[in-house]
Amino acid sequence: MNNHEYKKYAQQKVSPSPMGKNLFFAFLIGGLICTLGQALLDLFSFWGFEKKICFTLTSITLVFLSALATGIGKYDDLAKYAGAGTLVPITGFANAVVSPAIEFKDEGFVMGVGANMFKIAGPVIAYGVSASIVGGIITYVISIL
Amino acid sequence: MMYLKAFIVGGTLCAIGQILIDKTKLTPARILVSYVVAGVILGFFGVYDKLIDFAGAGASVPLTGFGNTLANGVKEAIAKDGLTGIFTGGLTASAGGIGAAIFFGLIASVFGRSSEK
C-alpha cells in the first residue's frame, strides 16, 4: 500500500458516514454542554446572584469543569466523538488553554506552560478584543456626533 | 422549556461549527476566532442579547457568547467612562472566563499528565 492508498483506506475505516455522524454528535454533545450551562445559570440565579454575575459564574464553573476533565484526559476522549460540540462551547476554549499547558510541561513552566497555553486562546483573545475595540470606536464616534 | 431551547440553540451553533470543519477544513483555532468575532459583531448590533433572552446558556455558552460579552462590556464601559471604555470594557467583562482558564490551566499543568506519552 502506498501513502495515498493508505490515506484512503484509513479514511474509510475512521468514518463510514462522516458528515451525518459528526453532525449528530456535535449537535448532541454541544447541546448537552449548553444544557448543563443552563442548569448552572438557574442554580446561581436560585442562590440569588444578579443576572450578569450568574453568566460569569456559569462561565467560570464550565471552565473549571473543562480544566478538570482535560487534566484527567477525559475531555479529549469526548472531543474525538463530539468534534465541534466540544470545541465551540466555552469548555472548548478552556480545553484549548489547559491542553497545551499540560502538554508542554516538559519545556518548563515559563516558556513551556506559560507561553503555550495561549497558542489558541491568544488568537481568540487578540481578535475578539480588537474587534470589540473597533466596535467601541464606531459606537463612540456615533455617540458624539 | 428553557432547557430544551438551550439544548437546541447550543447544539445548532455547534453543528454549524462541525459543518465548517468538515466542509471548509478551517482549523479549530480559526473556528474559535470566527465565532468570537461573529459574536462581537452581533453583540454590537444588539442581536445576540435577543438570542440569549430566548435560549439562555444555549447562546451564552458557545464562543459567540464570549464575543457578545466583549461587545456588551465595551458598550457599557463607554457609557460609564467614555473614551477609555473602548479599551477597558472588553477584557473587564470577559475577565472571569479568561482568568479562570489561565489559573485552572496552570493548576492542571502541575497535576495533569500529557495523554500523548
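Trainee: Which residues of helix α4 (residues 74-82) of chain A are buried?

Mentor: Y75(A), A79(A) and A82(A) are the buried ones in that helix. Keep in mind that we're looking at a predicted model.

Trainee: What puts them on the same side of α4(A)?

Mentor: The arc they cover around the axis is only 70°, so they sit on the same side of α4(A). The general rule behind it: an α-helix has 3.6 residues a turn, so residues three or four places apart point the same way. Right after the helix comes G83(A), with a positive phi near 55°.

Trainee: K25(B) has a positive phi too; what makes that worth a remark?

Mentor: Its phi is near 60°, and K25(B) is a residue other than glycine. You'll find K25(B) in the loop between α1 (2-24) and α2 of chain B.

Trainee: Why is K25(B) called exposed?

Mentor: Count the C-beta atoms: K25(B) has 8 others within 10 Å. The cut-off for exposed is 12 or fewer, so K25(B) qualifies.

Trainee: And why is I53(A) called partly exposed?

Mentor: I53(A) has 13 other C-beta atoms within 10 Å. Exposed stops at 12 and buried starts at 20, so I53(A) falls in between. I53(A) belongs to helix α3 of chain A, and its C-alpha atom is 9.5 Å from that of L41(A), twelve residues apart along the chain.

Trainee: Why does V40(B) count as buried, then?

Mentor: V40(B) has 30 C-beta neighbours inside 10 Å. Buried takes 20 or more, so V40(B) makes the cut. V40(B) is part of helix α2 (residues 28-44) of chain B.

Trainee: Which residues does V40(B) touch, leaving out those up to four places away in sequence?

Mentor: From chain A there are G128(A), A131(A), S132(A) and G135(A); from chain B there are G67(B), L70(B) and A71(B). N72(B) is 32 residues from V40(B) along the chain, with 8.4 Å between the two C-alpha atoms.

Trainee: How many residues does each chain bring to the contact?

Mentor: Chain A brings 62 and chain B brings 63. On the chain A side, the elements giving two or more residues are α2 (18-46), α3 (51-71), α5 (84-87), α6 (90-103) and α8 (121-144). Sorted by class, that side has 40 nonpolar, 19 polar and three charged residues.

Trainee: What makes F93(A) stand out in the largest nonpolar core?

Mentor: The core has 77 residues, and F93(A) and L32(B) touch the most other members. As for elements, α2(A) gives the most to this core, ten residues. Apart from neighbours within four places in sequence, F93(A) is in contact with A121(A) and V124(A) in chain A, and with L32(B), L63(B), F66(B) and A101(B) in chain B.

Trainee: How do you know which helix of chain A to read with care?

Mentor: Check the mean pLDDT of each element: helix α1 (residues 3-14) of chain A has the lowest, 66, whereas α5(A) has the highest, 97. Where pLDDT is low, the predicted coordinates should not be read in detail. For chain A as a whole the mean is 92, and 90% of its residues reach 70 or more.

Trainee: What does the secondary structure of chain B come to?

Mentor: Six helices and zero strands. Of the 117 residues in chain B, 54% count as buried. Among the chain B contacts with a separation of 6 or more, 59% link residues 24 or more positions apart.

Notes:
Residues are numbered from 1 along each chain as its sequence is written. Chains are lettered from A and ligands numbered from 1 in the order in which they are written. This is a predicted model: local features need pLDDT of at least 70, side-chain atom pairs count only at pLDDT 80 or more; totals for chains, interfaces and linings use all residues. Helices (H or I, at least four residues) and strands (E, at least two) are DSSP runs, numbered from the N terminus. Two residues are in contact if their C-beta atoms, placed from the backbone, lie within 7 Å. Ala, Val, Leu, Ile, Met, Phe, Trp, Tyr, Cys and Pro count as nonpolar, Asp, Glu, Lys and Arg as charged, and the others, Gly among them, as polar. pLDDT is the predictor's confidence in each residue, from 0 to 100. The arc is that of the directions from the helix axis to the C-beta atoms. A nonpolar core is a set of buried Ala, Val, Leu, Ile, Met, Phe, Trp, Tyr and Cys residues joined through C-beta atoms within 7 Å.
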